[in-house]
Amino acid sequence: MRCLAGAIMLSLALGLAGRAGATPPDVIDVSDEVFGFSQDSIVLLRSLRDNLGLYTAERRYAFLVTVDRASGAESLQPVCQIYRHEDTDQAGNAPGVLSWASHDETPDDAVNPWDVLAAAGGSPFRPGGFQDIEAAGLSGSLAAGAIRISAESGSNAAWSGEGAVLLTGAGARLDAVADRLGDMPRMGPLRAGDLLRDQAFGPESCTIADVLIFGGIAGGMTGGEPSAMLRMDCGDAEEGLAASLLVAVPMGWRGAIAP
């Protein structure tokens, strides 16, 4: 299957990289966005950019992540993979301006996100439109250990638990991506999996950037019980990895305290 246009390509938008005099550090950026949701699952697009340790080449990936709303378990499927590099054969280059050549490397087992969402009986997420997502309040922090989440709509949905569980979950998500990438070539001895795998995130390396509650009062449009996700920004680009992940809050946390 070839790379998709529209929403997928927006998530893979390729900005021009500037040339510098020295070899850049190895950097991988990972980012999650909500694609849609159904009664049983939340569907994410997980995009990844690997600078390959170069200024003149990069590889981009997109994965479809289906999150089970009851267990929080994730399944990961490839959607798109693009390699691009400086096109040294391009005629008429202006001084200091790079021309780029792009190559579609999408694997044969890639999926169409719209087909997966339709098969699950789901609805697409439309930023700025009417959504099945509620505003939520958050107290506590990863550093303090205990976290409390509550819906602001009066739906009586609340969650409480230990932040260490979420930190472990963030690292496991990157392990799954590393497993899927395999031994993709890049500059130097490091592989993408070396930068992604076995991340021992602590409260000093992650922050909670956002809270999403799906379902709402009586399950909202999607049906089912309300479920919550936290956006966790982890890592440091200067250390080789920056990840903005949507992590499901365990259903066992719900109802542990009164809202």
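Which residues touch the most other members of the largest nonpolar core? In this predicted model, they are Val30, Leu181, Leu196 and Met232, out of 36 residues in that core. Here's a quick tour of the core, a helix that feeds it, a small enclosed space and one arginine.

**The nonpolar cores**
- Nonpolar side chains tend to be buried together in soluble globular proteins.
- Quite a mix of elements gives two or more residues to the largest core: strands E1 (28–37), E3, E9 (146–151), E11 (206–214), E12 and E13 (241–248), plus helices H3 (163–181) and H4 (192–196).
- H3 puts in the largest share, with seven residues.
- Met232 has plenty of company: setting aside residues up to four places away in sequence, it touches Leu142, Leu166, Leu167, Ala170, Cys206, Thr207, Ala243, Ser244, Leu245 and Val247.
- There's also a second, separate core of eleven residues, and Phe37, Ile42, Val65 and Ala248 are among them.

**Helix H3**
- H3 has 19 residues, and at 1.5 Å a residue they should span 27 Å; the C-alpha atoms at its ends sit 28 Å apart, so the two values agree.
- Residues three or four places apart in an α-helix point the same way, because each turn takes 3.6 residues.
- The buried residues of H3 are Gly163, Leu166, Leu167, Gly169, Ala170, Gly171, Arg173, Leu174, Val177, Ala178 and Leu181.
- Right after H3 comes Gly182, with a positive phi of about 70 degrees.

**The cavity**
- Rolling a probe the size of a water molecule over the atoms shows where empty space is left.
- Here the count comes to one cavity of 30 Å³ or more, and the largest cavity has a volume of about 40 Å³.
- Its lining is made up of Ile42, Val67, Asp68, Arg69, Gly72, Ser227, Ala228, Met229, Ala248 and Val249.
- Strands E3 (57–68) and E12 (227–236) are the elements that give two or more residues to this lining, and E12 gives the most, with three.
- By type, the lining residues split into six nonpolar, two polar and two charged.
- Ile42 and Ala248 turn up twice in this tour: they belong to the second core and they also line the largest cavity.

**Arg254**
- Look for Arg254 in the segment after E13.
- Arg254 counts as partly exposed because its relative accessible area is 27%, which falls between the 20% and 50% cut-offs.
- Arg254 and Gly161 are 93 residues apart in sequence, with their C-alpha atoms 8.8 Å apart in space.
- Leaving out residues up to four places away in sequence, Arg254 touches Ala157, Ala158, Trp159, Glu225 and Pro226.

Definitions and conventions. Residues numbered from 1 in each chain as written. Predicted model: local features only at pLDDT ≥ 70, side-chain atom pairs only at ≥ 80, totals over all residues. Heavy atoms only, no water. 1 Å grid on protein atoms, 1.4 Å probe; cavity = no way out; pocket = protein on both sides within 12 Å on 5 of 7 lines; lining within 4 Å. Points joined across faces, edges and corners; volume = space filled by probe spheres on them. Helix = DSSP H or I, 4+ residues; strand = E, 2+ residues; numbered from the N terminus. Nonpolar A, V, L, I, M, F, W, Y, C, P; charged D, E, K, R; others polar. Core = buried A, V, L, I, M, F, W, Y, C linked by side-chain atoms within 4.5 Å. Buried < 20%, exposed > 50% of the residue type's maximum accessible area, 1.4 Å probe, protein only. Contact = heavy atoms within 4.5 Å. Expected span 1.5 Å × (residues − 1).
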